[in-house]
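Me: Take a close look at one part of this model for me, and walk me through it in one go. I'd like the cut-offs spelled out along the way.

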Amino acid sequence: MATDYDAPRKSEDDSESIEALKERVPDKLSGSSGDEDADNPSSFDLPGADLSDLELDVVVLPPQQDEFTCMNCFLVKHRSQLDHDGAAGPICKECAA
């Protein structure tokens with residue numbers, strides 16, 4: 001039997017009125033939302049803001065055996081990107097080009 005996927009689907013949840021749905025959804029235009037943005041709780045920071053009280057948790061990994069630091073661009077690259085070892089140190093393919 002063929003199914004018409006463009007036909008509107010009816011279910012038990014469709015019987016709810018539009019007014020009941022509007023009551024469940026918070027009004028975005030009212031401007032009084034109680035919860036702050038989880039990603040940026042202080043709305044936004046201006047450039048040059050004092051971030052000295054901000055504590056960051058960063059895990060720094062030691063250099064791996066299959067990595068090198070290019071002495072031209074100072075990026076950590078995989079050994080497959082090594083072009084040559086110069087007098088200053090290893091140079092990647094992008095910098096050698």
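Reply: Quick orientation first: the protein chain has two helices and four strands, with helices (H or I, at least four residues) and strands (E, at least two) taken as DSSP runs numbered from the N terminus. From the N terminus on, the order is α-β-β-β-β-α. Bear in mind that this is a predicted model, so local features need pLDDT of at least 70 and side-chain atom pairs pLDDT 80 or more, while totals for chains, interfaces and linings use all residues. Residues are numbered from 1 along each chain as its sequence is written, and side-chain values use heavy atoms, leaving out hydrogens and water.

Now the close-up, on K77. This residue sits in strand β2, which covers residues 76-78. Is K77 buried or exposed? K77 counts as buried because its relative accessibility is 11%, and buried means under 20% relative accessible area, exposed over 50%, and partly exposed in between (1.4 Å probe, protein chains only).

K77 pairs up with E94 in a salt bridge, their closest N and O atoms being 3.4 Å apart. The pair joins distant parts of the chain: E94 belongs to helix α2 (residues 93-96), 17 residues from K77. The rule here is a side-chain nitrogen of Lys or Arg within 4 Å of a carboxyl oxygen of Asp or Glu, and by that rule the count is one salt bridge. The two ends don't match in exposure: E94 is exposed at 57% relative accessible area, whereas K77 is buried at 11%.

The K77 and E94 side chains also make a polar contact at 3.4 Å. That term means a pair of N or O atoms within 3.5 Å; within protein, one must be able to donate a hydrogen and the other to accept it, and residues adjacent in sequence count only if both atoms are side-chain atoms. Skipping neighbours within four places in sequence, K77 touches D66, E67, F68, C92 and E94, where contact means heavy atoms within 4.5 Å.

For the wider setting, buried residues make up 7% of the 97 residues in the protein chain, so K77, at 11% relative accessibility, belongs to that buried group. Among contacts with a separation of 6 or more, residues 24 or more positions apart account for 4%. The chain's accessible surface comes to about 9,400 Å², with 53% belonging to carbon and sulfur atoms; these areas come from the Shrake-Rupley method with a 1.4 Å probe, and for residues only the protein chains shown count as cover.
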